[in-house]
Amino acid sequence: VALLKEAVGTVEEIEWKVDDGEIVDMTYNTNDHCLEAIIAGGITGEWKLARDNSWDVNFGGTFDAPEQDGANFTAEGSRICLFLERPSVDGIHITVE
C-alpha cells in the first residue's frame, strides 16, 4: 500500500477517471474525503480507475486492496468512491453503491 500511496500523489495534483469504455471524471467529495464519480444510469460490466487519462497509473483488483494493473472491477452501482487516504482508515480502498 505504501508504494501505491507514493504513486498516486495528492488529490490536487491528479485527475482520476472511471473507464468502462466511456470515461467519467471523478471529483473530490469533501464530506466523504474521497474522489467520487456519479454515473447516470449506473455502471455495469468491467471497469477500472485510471489517472490523468493514462494507463500509467491505474487500479483494478479488489475494492479493499486495489492494485496497479489489477484485474478489472465488475461491481455495479451509480456512485464510485476512491479513498486515497481517510482519517479513520489506513490504505487505499474503493466503494461502489
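In which sense do β3 and strand β4 pair, and over how many bridges? They pair in the antiparallel sense, over 3 bridges, with β4 covering residues 34-43. Keep in mind from the start that this is a predicted model.

## The chain at a glance

Let's begin with the whole chain. Its secondary structure comes to 1 helix and 9 strands. Reading along the sequence, you meet the pattern α-β-β-β-β-β-β-β-β-β.

The chain has 97 residues, and 39% of them count as buried. It exposes about 5,500 Å², with carbon and sulfur atoms supplying 46% of that area. Contacts that span the sequence are also worth a look: among those between residues at least 6 apart, 54% join residues at least 24 apart.

## A sheet of four strands

Now to the sheet. Here 4 strands form an open sheet, in the order β3-β4-β8-β9, and the pairing is antiparallel. Its edge strands are β3 (27-29) and β9 (93-96), each of which pairs on one side only. From one strand to the next, the twist averages 35°.

You can walk across the sheet pair by pair. Starting at the β3 edge, Thr27 stands opposite Glu36 in β4. Next, β4 and β8 run antiparallel and are joined by 5 bridges; in this part of the sheet, Ile43 stands opposite Gly77 in β8. Finally, 4 bridges join β8 to β9, again running antiparallel, and Cys81 stands opposite Thr95 in β9.

## An enclosed strand

Is β8 largely enclosed by the rest of the structure, or largely open? Buried here means under 20% relative accessible area. By that cut-off, 6 of the 7 residues of β8 are buried, so this strand is largely enclosed by the rest of the structure.

## The nonpolar core

The largest nonpolar core holds 16 residues. Those touching the most other members are Val18, Met26, Trp47, Leu49, Ile80 and Leu82. Two strands of the sheet, β4 and β8 (77-83), each supply at least two residues of this core. The largest share, 4 residues, comes from β4.

Val18 is a good residue to find in the structure in front of you. Leaving aside its neighbours within four places in sequence, Val18 is in contact with several residues, among them Met26, Trp47, Leu49 and Ile80, which are also listed with Val18 as touching the most other core members. Further contacts of Val18 include Ile23, Val24, Ala37, Ile39, Ile43 and Lys48.

Methods: Residues are numbered from 1 along each chain as its sequence is written. This is a predicted model: local features need pLDDT of at least 70, side-chain atom pairs count only at pLDDT 80 or more; totals for chains, interfaces and linings use all residues. Side-chain values use heavy atoms; hydrogens and water are left out. Two strands pair if DSSP finds at least two bridges between them. Axes are lines fitted to C-alpha atoms, for helices over the stretch in contact, and angles run from 0 to 180 degrees between N-to-C directions. A nonpolar core is a set of buried Ala, Val, Leu, Ile, Met, Phe, Trp, Tyr and Cys residues joined through side-chain atoms within 4.5 Å. Buried means under 20% relative accessible area, exposed over 50%, partly exposed in between (1.4 Å probe, protein chains only). Contact means heavy atoms within 4.5 Å. Accessible areas come from the Shrake-Rupley method with a 1.4 Å probe; for residues, only the protein chains shown count as cover.
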